[in-house]
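Work through the exercises below with the sequence and the model side by side. Try each task before reading its solution.

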Amino acid sequence: MDALTRLHRSLVGGDDEDQSEDSILADTEDLCSLSPLQRIYAFAACLVAGLTLMILSFIVFARPIKFAVMFTFGNILAVGSTAFVMGPQKQLRMMFDPVRLYATAVYVGCVVLALIFALWIHDKLLTLIAVICEICALFWYSLSYIPLARRMVSDLMVKFCDTEL
């Protein structure tokens with residue numbers, strides 16, 4: 001078994017040895033004909049493009065509307081890049097898993113609001129608030145993939161924000 005197949009198995013969660021390579025990639029093979037190596041390249045390119053847009057958005061931070069548009073599109077590219085590895089159908093299933101449902105809904109809502117405030121309403125304050133909420137929602141969503149991470153962050157926030165001595 002080559003290294004790319006092992007990487008794909010670890011990312012998708014197919015650790016059972018009795019599964020064949022055909023069944024591991026079956027859900028994504030139906031949607032596109034990219035090889036595992038091409039999927040890794042597409043993932044890396046999409047992730048790098050998203051991160052680049054997010055970093056470059058700070059150059060135009062003085063113009064919150066341009067900042068919000070660049071940052072939000074970069075954020076969407078970075079999150080969407082994992083669809084190349086696991087397939088869009090599995091990505092959506094994982095995003096709308098009951099554990100992540102509220103974080104996904106808040107994240108998607110903040111992305112939509114940031115774009116509406118930036119492109120349609122042109123309100124700088126509301127746009128920045130939506131982008132900050134978008135970052136927080138993405139952070140909380142990302143923590144759902146790490147076992148017990150949300151619990152630890154919640155406990156730390158309670159300890160830091162507790163005003164009783």
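## Exercises on a predicted model

By the ring-centre rule, the count comes to 5 aromatic pairs. The model is predicted, and the exercises read it as such.

**Exercise 1. Describe the pair formed by Tyr141 and Tyr145, and say how buried each ring residue is.**

Step 1. Take the geometry. The centres of Tyr141 and Tyr145 are 5.4 Å apart, and the planes are at 85°.
Step 2. Classify the pair. Planes over 60 degrees apart count as edge-to-face. Tyr141 and Tyr145 are therefore an edge-to-face pair.
Step 3. Check burial. Tyr141 has 6% relative accessibility, so it counts as buried. Tyr145 has 35%, so it counts as partly exposed.

A separate group of rings is worth marking too. Phe58, Phe61, Phe67 and Phe71 form one aromatic cluster.

**Exercise 2. Find what the charged end of Arg100 sits over, and describe the surroundings of Arg100.**

Step 1. Locate the residue. Arg100 is in the loop between α7 (88–95) and α8.
Step 2. Look at the charge. The charged end of Arg100 sits over the ring of Tyr145, 3.8 Å from the ring centre.
Step 3. Read the accessibility. Arg100 is at 9%, which means that it counts as buried.
Step 4. List the contacts. Leaving aside neighbours within four places in sequence, Arg100 is in contact with Met94, Met95, Tyr141, Ser144, Tyr145 and Arg150. Both members of the edge-to-face pair, Tyr141 and Tyr145, are in that list.

**Exercise 3. Which residues make up the largest nonpolar core, and which elements supply them?**

Step 1. Collect the members. The core has 11 residues: Met54, Phe67, Ala68, Val69, Phe71, Ala78, Ala114, Phe117, Ala118, Ala130 and Val131.
Step 2. Assign them to elements. Those giving two or more residues are α5 (64–80), α8 (101–121) and α9 (124–143).
Step 3. Find the main contributor. The largest share, 5 residues, comes from α5.
Step 4. Note the other core. Apart from this one lies a core of 9 residues, among them Met95, Ala103, Tyr107 and Val111.
Step 5. Zoom in on one member. Ala130 is in contact with Cys110, Leu113, Ala114 and Phe117, leaving aside neighbours within four places in sequence.

**Exercise 4. Place two polar residues, Thr127 and Ser57, and decide whether each is buried or exposed.**

Step 1. Start with Thr127. This residue is found in helix α9. Its relative accessible area is 0%, so it is buried.
Step 2. List its contacts. Beyond four places in sequence, Thr127 is in contact with Pro64, Ala68, Ala114, Phe117 and Ala118.
Step 3. Compare sequence with space. Thr127 and Ala68 are 59 residues apart in sequence, and 6.6 Å apart in space, C-alpha to C-alpha.
Step 4. Turn to Ser57. This residue lies in helix α4. At 0% relative accessibility, Ser57 counts as buried.
Step 5. List the contacts of Ser57. Not counting residues up to four places away in sequence, Ser57 touches Phe67, Met70 and Phe71. Phe67 and Phe71 also belong to the largest nonpolar core.

**Exercise 5. Trace the lining of the largest pocket and give the pocket volume.**

Step 1. Give the volume. The largest pocket has about 170 Å³.
Step 2. Name the lining. Phe43, Leu47, Ala78, Val79, Ser81, Thr82, Met86, Gln91, Leu138, Tyr141, Ser142 and Tyr145 line the pocket.
Step 3. Group by element. α4 (36–57), α5, α6 (82–86) and α9 each supply at least two lining residues. The largest share, 3 residues, comes from α9.
Step 4. Link back to earlier tasks. The lining includes Tyr141 and Tyr145, the edge-to-face pair.

**Exercise 6. Where do His122 and Leu148 lie, and what sign does phi have at each?**

Step 1. Take His122. Its place is the loop between α8 and α9. Phi is positive, about 60°, although His122 is not a glycine.
Step 2. Take Leu148. Its place is the loop between α9 and α10 (149–161). Phi is positive here too, about 65°, and Leu148 is not a glycine.
Step 3. Add accessibility. Leu148 is at 65%, so it counts as exposed.

**Exercise 7. Sum up the whole chain: how many helices and strands, and what percentage of residues is buried?**

Step 1. Count the elements. The protein has 10 helices and 0 strands.
Step 2. Count burial. Buried residues make up 31% of the 165 residues.
Step 3. Check contact range. Among contacts with a separation of 6 or more, 59% join residues 24 or more positions apart.

Note on methods
Residues numbered from 1 in each chain as written. Predicted model: local features only at pLDDT ≥ 70, side-chain atom pairs only at ≥ 80, totals over all residues. Heavy atoms only, no water. Core = buried A, V, L, I, M, F, W, Y, C linked by side-chain atoms within 4.5 Å. Buried < 20%, exposed > 50% of the residue type's maximum accessible area, 1.4 Å probe, protein only. Helix = DSSP H or I, 4+ residues; strand = E, 2+ residues; numbered from the N terminus. Contact = heavy atoms within 4.5 Å. Phe/Tyr/Trp six-rings, centres within 6.5 Å; stacked < 30°, edge-to-face > 60°. Lys NZ or Arg CZ within 6 Å of the ring centre and 35° of its normal. 1 Å grid on protein atoms, 1.4 Å probe; cavity = no way out; pocket = protein on both sides within 12 Å on 5 of 7 lines; lining within 4 Å. Points joined across faces, edges and corners; volume = space filled by probe spheres on them.
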